[in-house]
Amino acid sequence: HQNMTYPPPPFASSARAPIAVVIPVYKVERYLLQCLDSLEAQTYRNFVAFAVDDGSPDNCGRMLDKYAETHPWLRVFHKENGGVSSARNLALDQIEEDGSFEFLSFVDPDDWVSTTFLQDFVEAAVKHNADCVICGFENYIPSGPLDCWDHEYPASELDQNGIINQFFGLNEWQISNPTAARFLSNRFFRIGKIRSLRFDPNLFTGEDQNFFIRSIQFLRKGYCFPSRNYAYRLRSSSITRQFNTSIYDVFLFLQMLRDHAYPKSAAIGIERSLLDSWWSATRIAYKTGDNDVKNKCREVYNQLQTITWTAPPPRKYNKRFFFFFLGDTFVKFYFFIRKNRTSLRNKYFP
């Protein structure tokens, strides 16, 4: 595990590649200082953080302004509330207008990073001539870290298909590991490769996935290492958001399949994500008795039957299709069986 304490930076170097860090800020006054202090503690000093106060109604805007008075690496912008995508886009516009940065990183304001977060990223990018670098991360709850990884992958160079497979958890990346996340904060980009990309401000959720999937066509070489340099705070609001947006994710992936042509491995990844989101929404609908979501899941099921798959779905999806086709009683029976199997497994293999 990475050391998450924050000693004073041991050196400063202006001769290294400059990094831009994007931080969208909204209603996180309880956590914001820990995030900023973790950036102040970076061993790599040639960076500028672009923090965007997205019309936050709490003290975040004032906290950012005060912090920037004594920390020249922090640039603060204020705007009316428009969502995380619009906040990030404002920062990206400023970064592009500046034109002096070589690399780009994203940090969320309720999380924090290890002291070598930026240093490890930039050294890996330079050494391996990578367009994208991925590090490990750690989930945190109020009582401490959650260790839930099945496997530790060694550091490895990635071609374009490797970058795609790692993101979607395909092929050799199917086992859960500390780099397996579909957000942007454990990823590091060479700005020249994605300069024209912006976030879709109309998305309610899935903006990270949408951005990264659209970036894939520009990323030819990557590098992934398992060091858990990013601390992701699991809050009740973020968990609730994930729970409530499964059906939204389904329509996001359907739209993505319609709108763009992707490399084969990316198309497969989107298709598997679509199937997983559909089944997750189905499970939630039957657990909560939400008839509106059930009806949407039936609508999506009919659309799924018309898709020409890039690669045939694995057998587990065909089994799910079969039970869904048979109707409510059989779907409920399926979830009942799965729940009991999980309970027995937890009982005998805690």
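**Exercise 1. Sequence range of the contacts**

Task: Among contacts between residues at least 6 apart in sequence, find what share joins residues at least 24 apart.

Solution: Start with the term: a contact means heavy atoms within 4.5 Å. Among contacts between residues at least 6 apart in sequence, 81% join residues at least 24 apart. Next, the basis: this is a predicted model, where local features need pLDDT of at least 70, side-chain atom pairs count only at pLDDT 80 or more, and totals for chains, interfaces and linings use all residues. Residues are numbered from 1 along each chain as its sequence is written, and side-chain values use heavy atoms, with hydrogens and water left out.

Now the elements. The chain has 13 helices and ten strands. Helices (H or I, at least four residues) and strands (E, at least two) are DSSP runs, numbered from the N terminus. Last, burial: 54% of the 350 residues count as buried. Buried means under 20% relative accessible area, exposed over 50%, and partly exposed in between (1.4 Å probe, protein chains only).

**Exercise 2. Strand 4 and its partners**

Task: Determine in which sense strand 4 pairs with strand 1 and with strand 9.

Solution: Two strands pair if DSSP finds at least two bridges between them. Strand 1 and strand 4 are parallel, with four bridges. Here Val21 has Ser105 of strand 4 as its bridge partner. Strand 4 and strand 9 (residues 187–190) are antiparallel, with three bridges. Leu104 faces Phe189 of strand 9. Now check the faces of strand 4 (residues 103–106): Phe103 and Ser105 are buried on one side, Leu104 and Phe106 on the other.

**Exercise 3. A buried arginine**

Task: Establish what the side chain of Arg187 reaches at 3.2 Å.

Solution: Locate Arg187 first: it lies in strand 9. Arg187 is buried and has no salt bridge. A salt bridge needs a side-chain nitrogen of Lys or Arg within 4 Å of a carboxyl oxygen of Asp or Glu. The nearest side chain of opposite charge is Asp208, 7.8 Å away. For charge, Lys and Arg count as positive and Asp and Glu as negative; His and the chain ends are not counted. At 3.2 Å, the Arg187 side chain reaches the backbone oxygen of Phe183. Beyond four places in sequence, Arg187 touches residues including Leu104, Ser105 and Phe106, as well as Phe121.

**Exercise 4. Two helices and the residues after them**

Task: List the buried residues of helix 4 and of helix 12.

Solution: In helix 4 (residues 117–127), the buried residues are Phe117, Leu118, Gln119, Phe121, Val122, Ala124 and Ala125. Just after helix 4 comes Asn129, with a positive phi of about 50°. In helix 12, Tyr317, Arg320, Phe321, Phe323 and Phe324 are buried. Helix 12 (residues 315–326) has twelve residues and spans 17 Å from its first C-alpha to its last, close to the expected 16 Å. The expected span is 1.5 Å times one less than the number of residues. Gly327 follows helix 12 with a positive phi near 115°.

**Exercise 5. Two loop residues**

Task: Give the relative accessible area of Tyr26 and the relative accessibility of Gly99.

Solution: Tyr26 sits in the loop between strand 1 (19–25) and helix 1 (32–40). Its relative accessible area is 36%, so Tyr26 is partly exposed. Setting aside neighbours within four places in sequence, Tyr26 contacts Asp54, Gly55, Ser56, Pro57 and Asn81. Gly61 is 35 residues from Tyr26 in sequence, and their C-alpha atoms are 8.8 Å apart.

Gly99 is in the loop between helix 3 (84–98) and strand 4. Its relative accessibility is 48%, so Gly99 counts as partly exposed. Arg195 is 96 residues from Gly99 along the chain, with 10.0 Å between their C-alpha atoms.

Key: A polar contact is a pair of N or O atoms within 3.5 Å; within protein, one must be able to donate a hydrogen and the other to accept it, and residues adjacent in sequence count only if both atoms are side-chain atoms.
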